[in-house]
Amino acid sequence: MLNNKAKKKETKTDTPKIELRPFPPFLPPNATVLMMGSFPPVKEKRAMAFHYPNFQNDMWRVYGLVFFGDAAHFQVPGEKMFDAARIKAFLTERGIGSCPGVRRAIRTHGNASDAFLQVVETVELPEILREIPQCRRICTTGGKATEILFALLTAKKKGKDVKTGETVPARCGDRTLLVTRLPSTSRAYPMALVQKAAAYRAFFRAAGFAVAEEASPSI
């Protein structure tokens with residue numbers, strides 16, 4: 001049996017686990033908008049096999065409010081999970097892509113917190129954009145995602161200087177883009193669901209999407 005000193009030594013020499021993003025980028029060929037977060041949560045927190053899979057994350061509630069006026073629109077009835085097939089069909093129909101900004105990462109604290117996420121490899125952005133030639137707008141879903149993305153772009157601002165709700169012109173190679181920082185949909189982000197939905201609604205309206213009128217969340 002290892003004594004405490006031996007255990008500490010063994011822990012220090014353990015190789016950190018490098019994780020590959022568990023879901024591939026979702027890139028409808030007709031996408032005009034690309035949504036970029038940081039990195040999906042640990043497996044134990046995933047309620048479906050698709051982006052933003054944690055039932056406690058409000059992303060798909062926000063989408064339900066923005067486009068249908070109903071926070072429960074994408075929820076599987078009676079279950080604590082969202083309907084991945086329905087979400088994919090919707091994103092394909094509307095032309096909205098989704099891709100994390102990190103391809104490989106180390107969770108230094110073993111959880112989904114961006115504060116403890118060590119980026120090993122960022123997204124292959126030029127290749128991603130080649131698959132969606134009509135995309136001219138990107139929205140980031142939080143501070144970490146914004147910093148990661150802006151490190152891959154040519155812009156007058158750094159990601160850390162972009163405020164929530166702000167839109168900044170940028171370039172990736174010969175692609176001209178408008179990048180908007182949107183609020184995180186994590187429950188840890190101190191903003192009410194209806195306020196988050198309002199920010200996303202404004203973004204999609206500016207991008208030319210038909211959206212629902214503002215409504216109160218039903219869940």
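**View A. Asp161 and Lys160 meet in a salt bridge.** In this predicted model, Asp161 counts as partly exposed, because its relative accessibility is 37%. Lys160, at 57% relative accessibility, counts as exposed. The side chains of these two residues come together with 3.5 Å from N to O. Side chains of opposite charge can pair when their charged atoms come close. The structure holds eight salt bridges, and the next two views show others.

**View B. A salt bridge links strand 4 and strand 5.** Here Glu121 pairs with Arg104, and their closest N and O atoms are 3.1 Å apart. Glu121 belongs to strand 5 and Arg104 to strand 4, so look for two distant parts of the chain, 17 residues apart. Glu121 is partly exposed, with a relative accessible area of 30%, and Arg104 is also partly exposed, at 29%. Follow the charges outward and you will find one network, in which salt bridges that share partners join Arg21, Arg103, Arg104, Glu121 and Glu124.

**View C. Asp58 and Arg61 form a salt bridge.** Are these two residues buried or exposed? Asp58 counts as buried because its relative accessibility is 5%, under the 20% cut-off. Arg61 counts as buried too, at 4%. The closest N and O atoms of the pair are 2.9 Å apart.

**View D. Three strands make an open sheet.** Reading across the sheet, the order is 1-4-5, with antiparallel pairing. Strand 1 (19–20) and strand 5 (117–122) are the edge strands, each pairing on one side only. Five bridges join strand 4 (residues 102–107) to strand 5. To find your place, start at Val102, whose bridge partner in strand 5 is Thr122.

**View E. Helix 2 is largely enclosed by the rest of the structure.** How many of the 10 residues of helix 2 are buried? Nine of them are, which means that the helix is largely enclosed. The buried residues are Met59, Trp60, Arg61, Val62, Tyr63, Gly64, Leu65, Val66 and Phe67. Their cover includes strand 2, helix 3, strand 3 (96–98), strand 6 (137–141) and helix 6. Just after the helix, Gly69 takes a positive phi of about 70°.

**View F. The largest nonpolar core has 31 residues.** Trp60, Tyr63, Phe67, Leu91, Ile96 and Phe204 touch the most other members. Strand 2 (33–36), helix 2 (59–68), helix 3 (84–94) and helix 6 (193–206) each supply at least two residues of this core. Helix 2 gives the largest share, seven residues. Now zoom in on Phe204: leaving aside its neighbours within four places in sequence, this residue is in contact with Val33, Tyr63, Val66, Phe67, Ile96, Phe209 and Val211. A second, separate core has 21 residues, including Leu125, Cys135, Val168 and Val179.

**View G. Strand 7 and strand 8 form a hairpin.** Two residues lie between the strands, and Gly173 in the turn has a positive phi of about 65°. Six bridges join strand 7 to strand 8 (residues 175–182), and the two run antiparallel. One of the partnerships is between Pro169 and Leu178 of strand 8. Which residues of strand 7 (residues 167–172) lie on the covered face? They are Val168, Ala170 and Cys172, while Thr167, Pro169 and Arg171 lie on the uncovered one. In a regular strand, side chains alternate between the two faces of the sheet.

How values were computed: Residues are numbered from 1 along each chain as its sequence is written. This is a predicted model: local features need pLDDT of at least 70, side-chain atom pairs count only at pLDDT 80 or more; totals for chains, interfaces and linings use all residues. Side-chain values use heavy atoms; hydrogens and water are left out. Buried means under 20% relative accessible area, exposed over 50%, partly exposed in between (1.4 Å probe, protein chains only). Helices (H or I, at least four residues) and strands (E, at least two) are DSSP runs, numbered from the N terminus. Two strands pair if DSSP finds at least two bridges between them. A nonpolar core is a set of buried Ala, Val, Leu, Ile, Met, Phe, Trp, Tyr and Cys residues joined through side-chain atoms within 4.5 Å. Contact means heavy atoms within 4.5 Å. A salt bridge is a side-chain nitrogen of Lys or Arg within 4 Å of a carboxyl oxygen of Asp or Glu.
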